[in-house]
Amino acid sequence: MKRRRPFPSPLSVIKCTTPSTPPTPCNFDITQFSKTKTNLNSETLSISSKRPPRRSLSETLKIENLPPEKWTPLNLGKSELSLSLTFPTGQTFRWKKTGRLQYTGVIKSHLVSLKHLENGDVSYHFHTATCPTSGSNSNFNEEEDAKLALLDFVNVGIRLTDLWADFSASDQKFAELAPHLVGARVLRQDPLECLIQFLCSTNNNIQRITRMVDYISSLGHYLGSVEGFQFYQFPSLERLSIVSEAELREAGFGYRAKYMVSTIKALQLKPGGGVKWLSSLRELDLEKVIINLSTLPGVGPKVASCVALFSLDQHHAVPVDTHVWQVATRSLMPELAGVRLTSKLCSRVAEAFVTRYGKYAGWAQTLLFVSELPSQRGIIPQQVCTVKEKNLQKKRVF
């Protein structure tokens, strides 16, 4: 999630001790998603060039001559997934708006578009070229793998309407905002992809973060283009490891180039490899997750909390920035209104969110964060905001 400016805080983080009633699960067994294995083709690495390898003519024809679009219902209504309240709100910087109600991105090796139908329901389309030599069974397996990856990515096992009802019952302010921000869902991203994106986000603005993430993405395998946007499979850790600090600085990463290169090297030294190590953090409690992530160069508690919430199943992780601080001082800690945010107060804010919202505090914080964005000023009725809040909104810069 894109924040304004991260504030340093100690490695100690809150523990969720008295969670609220968990939501009713959807009729999906999400354990099957996390256990799904995808056999991806290994990429060709090019040490001498910053650009991805050139494609052969046959590969180009396979990508360009895509079959007609076939849209399939995802069985999620707008109350469970709002594309405009999920993708452009700072959780990920790799998805592009490719239509009035459509967003396109990459999940694992799958190029996929999502769009809202007229009734608000979400449908999907995989931009997949069928190889003439492939059998029907292999095509079926690829489609099944792609769909499972998509369901896992949108965290389909958590029923959003139940969460919002639970939060609204315990918080009047949330109850006032929720009807105007239905479908603001937390994604379950690939940990490596999520980590690299948020390394780009420190002390940065949304436009520059997107350019940096686009550059990193272009080092991966080219998958195709949609509405003028080019899409790539996110590069492997091995591919990232051959990118030099000088190349990143030339691409506009600034001081972040050093941290990026050092973090990639540190990941390669982790037991079992960096990808496996990152995924293993999903089995730990939040405090240990933050501590482990903070051993990586350039990763502080703020970035660690974002990665924990958006990729490591730490649903009560609460990334704290100035937006969240404003929410907290208006609704949770009014006695601190006007006080400057410090590293110590960051921990108190996270604790306050967990006390109020329980084991899914990170999801509640996500909706409240979205409500603070300038893009929502015309969506949320003015009567929902107090005079003081409206004055604060006029001064906000995302």
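Student: Leaving aside neighbours within four places in sequence, which residues is F353 in contact with?
Tutor: This is a predicted model. F353 is listed with those that have the most contacts inside the largest nonpolar core. Neighbours within four places in sequence are set aside here. The contacts of F353 are then V318, V324, V327, A328, L332, G358, A361, Q365 and L368.

Student: How many residues does the largest nonpolar core have, and which helix gives the largest share of this core?
Tutor: L293, F353 and W363 have the most contacts inside this core. The core has 83 residues. Its largest share is eight residues, and they come from the helix spanning residues 343-357. That helix is α15.

Student: Which residues does the second, separate core include?
Tutor: This core stands apart from the largest one and has 21 residues. Those it includes are L76, Y124, A146 and A149.

Student: How are α14 and α16 oriented to each other, parallel or perpendicular?
Tutor: Helix α14 covers residues 322-332, and helix α16 covers residues 361-372. Their axes come within 9 Å and cross at roughly 105 degrees. Angles of 65 to 115 degrees count as roughly perpendicular. So α14 is, with respect to α16, roughly perpendicular.

Student: Which residues of α16 make the contact with α14, and how many of the contact residues are charged?
Tutor: From α14 come H323, V324, Q326, V327 and R330. From α16 come Q365, L368, F369 and E372. By class, the contact has four nonpolar and three polar residues. The charged residues number two.

Student: At what angle do the axes of α4 and α16 cross?
Tutor: Helix α4 spans residues 160-170. Its axis and that of α16 come within 11 Å. The pair is classed as roughly perpendicular because the crossing angle falls in that range. The angle is roughly 85 degrees.

Student: How many nonpolar residues are in the contact of α4 with α16?
Tutor: L160, L163, W164 and F167 of α4 meet W363, A364 and L367 of α16. This contact has no polar and no charged residues. The nonpolar count is seven.

Student: Is L181 buried or exposed?
Tutor: L181 sits in the loop between α5 (172-177) and α6 (191-199). Its relative accessible area is 0%. Under 20% counts as buried. L181 is therefore buried.

Student: How far apart in space are L181 and L368, C-alpha to C-alpha?
Tutor: Setting aside neighbours within four places in sequence, L181 is in contact with L85, W164, L367, V370, S371, Q376 and I380. In sequence, L181 and L368 are 187 residues apart. In space, C-alpha to C-alpha, the separation is 9.1 Å.

Student: What class of exposure does W71 fall in?
Tutor: W71 lies in the loop between α2 (57-64) and β1 (72-76). Its relative accessibility is 23%. Buried requires under 20%, and exposed requires over 50%. W71 therefore counts as partly exposed.

Student: How far apart in space are W71 and S123, C-alpha to C-alpha?
Tutor: Beyond its neighbours within four places in sequence, W71 is in contact with Q102, S113, L114, K115, S123, Y124 and H125. W71 and S123 are 52 residues apart in sequence. Their C-alpha atoms are separated by 5.9 Å.

Student: What percentage of the residues in the protein chain is buried?
Tutor: The protein chain has 17 helices and seven strands. It holds 398 residues. The buried share is 49%.

Note on methods
Residues numbered from 1 in each chain as written. Predicted model: local features only at pLDDT ≥ 70, side-chain atom pairs only at ≥ 80, totals over all residues. Heavy atoms only, no water. Helix = DSSP H or I, 4+ residues; strand = E, 2+ residues; numbered from the N terminus. Buried < 20%, exposed > 50% of the residue type's maximum accessible area, 1.4 Å probe, protein only. Axes fitted to C-alpha atoms, helices over the stretch in contact; angles between N-to-C directions. Parallel < 35°, antiparallel > 145°, perpendicular 65-115°, else oblique. Contact = heavy atoms within 4.5 Å. Nonpolar A, V, L, I, M, F, W, Y, C, P; charged D, E, K, R; others polar. Core = buried A, V, L, I, M, F, W, Y, C linked by side-chain atoms within 4.5 Å.
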